[in-house]
Amino acid sequence: MRAFLNDRIDLLQAEAIADLVASGSRQAAQAAVLYDTVERAAALGDTALLERAASDIEDKFAATTYAQQSALLAARVFYEKGQADGARKHLQWVIDRQQDD
């Protein structure tokens, strides 16, 4: 905003920046709400809801930390419930998206 007020960027650029920030905030808020569903499903041991919510967050918000945490939590719950295939699926998702440092 100061850049606009100091004539460093024009109004169009300022609006584009504002839209970008709002978009990221909106996406983070949506991911947080979905992650809450993942946590509740995990606490209840509801593997059907957990699978749906974890898959949704992985598909829609793959670039967020929420998606990685969701996949790891889902993998743990599936493992504890003796559902190795579900655990493997979510762990593989994390591995596939691991960034090289």
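**Exercise 1. Charged pairs along the helices**

Task: Starting from the fact that both R88 and D85 are exposed, work out which salt bridge joins these two residues and where in the fold it lies, and then treat the other pairs that lie within one helix in the same way.

Solution. The model is a predicted one, and every value below is computed from it.

Step 1. The side chains of R88 and D85 meet in a salt bridge with an N to O distance of 2.9 Å, and both residues belong to helix 5, where they stand three residues apart, about one turn of the helix.

Step 2. In helix 4, E80 and R76 are four residues apart, again about one turn of the helix, and their side chains form a salt bridge at 3.4 Å, N to O. Here E80 is exposed because its relative accessible area is 55%, whereas R76, at 48%, counts as partly exposed.

Step 3. In helix 2, which covers residues 11-44, R40 and D36 are four residues apart, about one turn of the helix, and the closest N and O atoms of their salt bridge are 3.2 Å apart. R40 is partly exposed with a relative accessible area of 45%, and D36 is also partly exposed, at 35%.

Step 4. Side chains of opposite charge can pair when their charged atoms come close. A search of the whole structure finds four salt bridges, among them the pair R40 and D36.

**Exercise 2. The make-up of the chain**

Task: Describe the secondary structure of the protein chain, and then state how its burial, its contacts and its accessible surface are apportioned.

Solution.

Step 1. The protein chain contains five helices and zero strands, so that, read from the N terminus on, the order of elements is α-α-α-α-α.

Step 2. Of its 101 residues, 30% count as buried, while the chain exposes about 7100 Å², of which carbon and sulfur atoms supply 52%.

Step 3. Among the contacts with a separation of 6 or more, 51% are accounted for by residues that are 24 or more positions apart.

**Exercise 3. Helix 4 and the nonpolar core**

Task: Check the length of helix 4 against its expected span, list its buried residues, and then relate the helix to the largest nonpolar core.

Solution.

Step 1. Helix 4 runs over residues 65-80. At 1.5 Å a residue, its 16 residues should span 22 Å, and because its end C-alpha atoms are 23 Å apart, the model agrees with that expectation. The helix is followed by G82, whose phi is positive, near 75°.

Step 2. The buried residues in helix 4 are A67, S70, A71, L73, A74, A75, V77 and F78.

Step 3. The largest nonpolar core has 16 residues, of which V38, L50 and L73 touch the most other members. Helix 2, helix 3 (47-60) and helix 4 each supply at least two residues of this core, and the largest share, six residues, comes from helix 2.

Step 4. Leaving aside neighbours within four places in sequence, L73 is in contact with Y35, V38, E39 and A42. With the same neighbours left aside, S70 is in contact with Y35, V38, A54 and I57; S70 counts as buried because its relative accessibility is 0%.

**Exercise 4. L34 and its partners**

Task: Decide whether L34 is buried or exposed, and identify the residues with which L34 is in contact beyond its neighbours within four places in sequence.

Solution.

Step 1. L34 has its place in helix 2, and because its relative accessibility is 15%, below the 20% limit, L34 counts as buried.

Step 2. Once the neighbours within four places in sequence are left aside, L34 is in contact with A53, D56, I57 and F61.

Step 3. For one of these partners the backbone separation can be given as well: the C-alpha atoms of L34 and D56, which are 22 residues apart along the chain, are separated by 8.0 Å.

**Exercise 5. A nonpolar patch on the surface**

Task: Find which residues form a nonpolar patch on the surface, and classify I95 by its accessibility.

Solution.

Step 1. The patch is formed by L72, L91 and I95, which together have about 260 Å² of accessible area.

Step 2. I95 lies in helix 5, residues 84-96, and because its relative accessibility is 55%, over the 50% limit, I95 counts as exposed.

Conventions:
Residues are numbered from 1 along each chain as its sequence is written. This is a predicted model: local features need pLDDT of at least 70, side-chain atom pairs count only at pLDDT 80 or more; totals for chains, interfaces and linings use all residues. Side-chain values use heavy atoms; hydrogens and water are left out. Patches are made of residues with over 30% relative accessible area and no salt bridge: like charges are joined within 9 Å, nonpolar side chains (Val, Leu, Ile, Met, Phe, Trp, Tyr) within 5 Å. Accessible areas come from the Shrake-Rupley method with a 1.4 Å probe; for residues, only the protein chains shown count as cover. Buried means under 20% relative accessible area, exposed over 50%, partly exposed in between (1.4 Å probe, protein chains only). Contact means heavy atoms within 4.5 Å. A nonpolar core is a set of buried Ala, Val, Leu, Ile, Met, Phe, Trp, Tyr and Cys residues joined through side-chain atoms within 4.5 Å. The expected span of a helix is 1.5 Å times one less than its number of residues.
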